[in-house]
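Student: Could you take me through a close look at one part of this structure, the place where chain B and chain A touch? I'm new to it, so please spell out the terms as you go.

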Amino acid sequence: MSRIQERFDALAGQGRKALVPYITAGDPHPEQTVALMHTLVEAGADMIELGVPFSDPMADGPVIQAACERALAHNTSLRDTLGMVRSFRQRDEDTPVILMGYQNPVETLGTREFARLARQSEADGVLTVDLPVEQAGQALETYREHGLDTVFLIAPTTSEARIKKICEASSGLIYYVSLKGVTGAGHMDISEVKNKVREIKQHSSLPVGVGFGVRDAESARDIASIADAVIVGSALIRQIEAHLSDPDSMKKKVADLLRDMREALDLDIPEADLSATNS
Amino acid sequence: MASKAPERPETLASGQVPDRAGMFGEYGGRYVAETLIEPLAQLEAAYFKFRDDPGFVAEFEADLSHYVGRPSPLYLAQRLSEKYGGAQIYLKREDLNHTGAHKINNTVGQALLAKRMNKTRIIAETGAGQHGVASATVAARLGLECVVYMGEEDIHRQAPNVYRMRLLGAEVVPVRSGSKTLKDALNEALRDWVTHVDTTFYIIGTVAGPHPYPVLVRDFQTVIGREAKTQLQEMTGSLPDALVACVGGGSNAIGLFYPFLDDAGVRMFGIEAAGLGLETQRHSAPLNTGRPGVLHGNRTYLMEDENGQIIETHSISAGLDYPGVGPEHAWLKDIGRVQYESVTDEQALAAFHELTRVEGIIPALESSHALAYALQLAAKMTPEQKIVVNLSGRGDKDINTVADIEGIEL
Ligand SMILES: Cc1ncc(COP(=O)(O)O)c(C=O)c1O
């Protein structure tokens, strides 16, 4: 069983929802990423989406674009990103890590080499933003061979026929993009999201995570009421951005925001159940 | 080998490439985030419906005649040909089109599609500003809202075109991310499109981007080659020996080349921008120096570093300053049908002056790249032979750049 599935099963047993923070590897500095990942876990993350920086992140809003630029200013490569996952694993063998990025750095390294290294570093899943399921054929096989979960996006514009196709190609979880827009946008319509998540669930038994429009504890809780995982990126990275010169308060602010979200997600869970995980 | 596409000038339809998935061999495709898949499928369906629709084709052709001013002349540059002592040099005068470049052929076509798809808002990216002006122009004519994304760097380089766009009622949005040039403007336009897919039609300015853009833009631009073929037949009774065009994304080049691909005796040369020299890394020549990769929705040759990050490009001409190239050119390179060469800033600048002084035509700096190569090529050929050069645009927009380089204050 994959780490991602294991984690979702454990959460489901407790009636809890997954909190999945996104940060960009190498932002604000490659040496801070692993520590930041541990901070995220301590503050209540159930799994981590680790962004691979790319020079042309066309699906991302200004906040994650700037994160990529900061990471690339230190030449953070895909290989470096995998190295960070490996170091993270020295202290954390349980928290799943999903690599999220764009296709070109993967191809430059070589899909097979990337899969091999990802496996070796004990990353758990791959989400390539600009690799829709039709173009993914060969890569899908390679990732599966290497025991990596293949995560795909479903968008508000995705037709039912495609939802089916994407569900068939997915493992680990399905990522629903809550709005028409880029990461960090703020115009999510919760009832629309609810309908679409329900539609996805008719085609798959996989957990569904929702992201792109989660900004605070309240929107996190809204999403948690209709999905299995809440994915939050830009809101956290805004905290990184605001405290670039002071790593300690940066970590604290990121942790505070995530902890608020964690609490909001767990509001209705009895204390006794909570002590079982996230120790 | 050349595509075995039957030429069907009576419609816009094209032949064997791309395949149904938009692949030209291993290039092209649709590498975009999920949100854009459905809008692209809708665009594809609309385009393939209308390109065989006689009503659509007739309207397109009428606009090309009465609004763009086609056919553009094929002009024998006699003094220039004599001076170089080789082949006869013919110029396909796309500079004489309305708005001053070949870009308008494509925007007129895409605007007709936008209208039929009931979109109320036009967005575009632009480098030199020619495509932005051509988009703002068709938007004004149809009464549509128009937003043009332009790298901050290019806004400074191409100030006259920025003002033209604003006069035409377009909003010009400066793009400050990345290298602040054309590639970043394209990213920003894609982000806008993702956010406003219901109302917005994205007019891409070259044969790049996700399927169906490379085929759609090509089809709208093949009027250049079809006219040139007929015109040269009428003037000389024969086909050209060589075609030369500059390659930024590759739309003016494919527009000229495509109708000749099956004519095995016609050699074709696509000219990339060598900037300060291919060896300096300060250029925009992915076909000459790059590797295949994925950017802006398609697989093609790219300028990238060892980690797959796209690198900054340089060219004296903003319209060639792009790290990728249309996927059909990548394919034509690999099959050996078109030869891709390059010309430096300095050589292009010299050709700019040469044409201006010898023929009284001020060419765009982009087109000057094609011209510079054609002059070298002509000298190695005989006076019985004929070269057609795509004069893709006029140089008025570039006079500030040229004056600047030469230390002249206007
Ligand atoms: C006059 C002119 N020629 C050529 C180009 C390059 O584009 P393409 O390679 O698509 O023809 C441009 C682009 O702005 C242009 O303005």
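Tutor: Sure, let's start with the polar side of things: across the interface of chain B and chain A there are 19 residue pairs in polar contact, both residues at pLDDT 80 or more. A polar contact here is a pair of N or O atoms within 3.5 Å; within protein, one must be able to donate a hydrogen and the other to accept it, and residues adjacent in sequence count only if both atoms are side-chain atoms. Before going on, note that this is a predicted model, where local features need pLDDT of at least 70, side-chain atom pairs count only at pLDDT 80 or more, and totals for chains, interfaces and linings use all residues. Residues are numbered from 1 along each chain as its sequence is written, chains are lettered from A and ligands numbered from 1 in the order in which they are written, and side-chain values use heavy atoms, with hydrogens and water left out.

So where on chain B should you look? Strand 2 (27-31), helix 1 (37-50), helix 8 (182-195), strand 11 (291-295) and strand 12 (297-302) of chain B each give two or more residues to the side that touches chain A. Helix 8 of chain B has the largest share, eight residues. (Helices, H or I with at least four residues, and strands, E with at least two, are DSSP runs numbered from the N terminus.) By class, this side of chain B has 13 nonpolar, twelve polar and 13 charged residues. Ala, Val, Leu, Ile, Met, Phe, Trp, Tyr, Cys and Pro count as nonpolar, Asp, Glu, Lys and Arg as charged, and the others, Gly among them, as polar.

Charged partners meet here too: the rule finds four salt bridges across the interface of chain B and chain A. That rule asks for a side-chain nitrogen of Lys or Arg within 4 Å of a carboxyl oxygen of Asp or Glu. One of them joins the side chains of Glu34(B) and Arg162(A), at 2.6 Å from N to O.

Now for the whole contact, meaning heavy atoms within 4.5 Å: 38 residues come from chain B and 37 residues from chain A. About 2800 Å² is buried between the two chains, with carbon and sulfur atoms giving 49% of that area. Buried area is the accessible area (1.4 Å probe) that two parts lose on being put together, summed over both. Glu34(B) turns up again here: together with Arg191(B) and Gln309(B), Glu34(B) supplies 25% of the area that chain B buries against chain A, more than any other three residues.
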